Amino acid sequence: TPLVLCLATKSSSVAFYHQLLGDLAGPLVSLSEPSWSELLSTLAQQRVPSPGCRLGCLQAPGLRDVSLATIRPVDDKYDWAQLTPLLGALDPPVLLRIVSSLILERRVILVSDNCTLVRRWVESVECLVYPFKWAHVRVPLVPRSLLAQCSSPEPYLLGVPAAMAHTALELLAGPVLVVDVDRGALLCEDEDNRDVVPQKLQQSLCMALSLAKNMTDPTGRVRDMMITEAFIRLFVELVGHCDQHISLSDDLKESSFQRDAFIRAPSSRGAQMFLQWFVETQAFEQFVRERTERLRQLARTPQHHLLPKGLFEQRAAEYLLDLEQSGRGLRQLGKKVRTIGEMFRNLKAFQRE
């Protein structure tokens, strides 16, 4: 009999729970029902570990032979998501439109003839907003009984089978971005999100994605990495200076975020306008909370330089160090920094060699 686990948690750590479910697969198969019920009850009493830390030891009379050593990844991102098929199906500007709608916390519907693929498309596009998290309704495959969700005014990310797309379109009210992934076509547009990302960064990102799309990569691994790095670079240039505007009290209990200074830091008017809006979103609020907790963790650790770093944290540190060493600052952002496209053109040339 299939065993279905339903996780209800206040902690937003998709990567950790994905890994935990994988680690639970063996014990749940080998244990009797009373034992795995005890295992799950014991797990429910555990605190979610901090990023980079291990799950606490399980101590229960009937679990002597069970040992879980699940480590919460420093990064809460979908390392298992495949991005190459998504870029193969969509042109870079369309992919950017989807990501723009997500960071705007708008409504997005992805349509496909293949029900298996549409679930993957939803997971893949959500992965691209890393280091941010989609905090709203997400239904990878909408059943007919829940199709009315399309009429909701609240933000959502839905996967809809092509057979129900016409009905879904009739239910829409207000701006919604609807993308037929199989055909790479926009069935319904949300014009407000077209220019949310500064124009120069849009051009650099699309150039990088075009290079990735046209490269030769039989396994798709290098292309997946290039796609991930392109979007990370975009967000590094926009919010990579966030840590510089978070202050902690001496006892580390209190914190403050210098919001206005953060918004004014880039010289680009387009970047400032983006940040002025973006700081109001739930995604950014959660990002600041996570960065604040990370700074607390670093402050409490004597040899904090030995702690593992997430990918975004690494890239942001490298970016700010590059600006510092070159004598430039965020006030000159976008003028002398290498574009994303140039960076990946060099990577592509290196791969050919």
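# A tour from glutamate 105 outward

Begin by selecting glutamate 105, which, when its neighbours within four places in sequence are left aside, is in contact (heavy atoms within 4.5 Å) with Trp134, His136, Pro155, Trp277, Thr281, Gln282 and Ala283. What you are looking at is a predicted model, in which local features need pLDDT of at least 70 and side-chain atom pairs count only at pLDDT 80 or more, while totals for chains, interfaces and linings use all residues. Residues are numbered from 1 along each chain as its sequence is written, and side-chain values use heavy atoms, with hydrogens and water left out.

**Glutamate 105 itself**

Stay on glutamate 105, which sits in the loop between H4 and S1; the helices (H or I, at least four residues) and strands (E, at least two) are DSSP runs, numbered from the N terminus. Is this residue buried or exposed? Glutamate 105 is buried, its relative accessible area being 15%, where buried means under 20%, exposed over 50% and partly exposed in between, with a 1.4 Å probe and protein chains only. Although buried, glutamate 105 has no salt bridge, and the nearest side chain of opposite charge, that of arginine 106, is 8.4 Å away; in this count Lys and Arg are positive and Asp and Glu negative, with His and the chain ends not counted. The backbone here also deserves a look, since phi of glutamate 105 is near 60 degrees, a positive value in a residue other than glycine.

**The salt bridges**

How many salt bridges does a search of the whole structure find? The search finds 14, each being a side-chain nitrogen of Lys or Arg within 4 Å of a carboxyl oxygen of Asp or Glu. Select arginine 97 and glutamate 189, whose side chains meet in one such bridge with an N to O distance of 3.3 Å. Arginine 97 belongs to helix H4 (residues 92-103) and glutamate 189 to the loop between strand S5 (185-188) and helix H7 (199-214), so this pair ties together parts that are 92 residues apart in sequence. Arginine 97 is buried, with 8% relative accessible area, whereas glutamate 189 is partly exposed, with 36%.

Next, select arginine 183 and aspartate 113, which form a salt bridge whose closest N and O atoms are 3.3 Å apart. Arginine 183 lies in the loop between strand S4 (177-180) and S5, and aspartate 113 in the loop between strand S1 (107-112) and helix H5 (115-127), so parts that are 70 residues apart in sequence are tied together by the pair. Arginine 183 also forms a salt bridge with aspartate 180, where the closest N and O atoms are 2.9 Å apart. Of these two residues, arginine 183 counts as exposed at 54% relative accessibility, while aspartate 180 is buried at 8%. Then select Asp243, Arg291, Arg294 and Glu313, which salt bridges with shared partners join into one network.

**The sheet and helix H4**

Now show the strands: 5 of them form an open sheet with mixed pairing, in the order S2-S3-S1-S4-S5, two strands counting as paired if DSSP finds at least two bridges between them. At the edges are strand S2 (137-139) and S5, each of which pairs on one side only. Direction ignored, neighbouring strands of this sheet are turned by 25 degrees against each other on average. Zoom in on S2 and strand S3 (residues 156-161), which pair in the parallel sense over 3 bridges; valine 139 has leucine 158 as its bridge partner in S3. Add helix H4, which packs on the sheet and touches S1, S3, S4 and S5, its direction making about 145 degrees with that of S4; axes are lines fitted to C-alpha atoms, for helices over the stretch in contact, and angles run from 0 to 180 degrees between N-to-C directions.

**Two more backbone stops**

Where does proline 131 lie? Proline 131 is in the loop between H5 and S2, and a cis peptide bond, with omega about 20 degrees, joins tyrosine 130 to proline 131. Finish at leucine 252, in the loop between strand S6 (246-248) and strand S7 (255-257). Phi of leucine 252 is near 70 degrees, a positive value in a residue other than glycine, and leucine 252 counts as buried at 16% relative accessibility.
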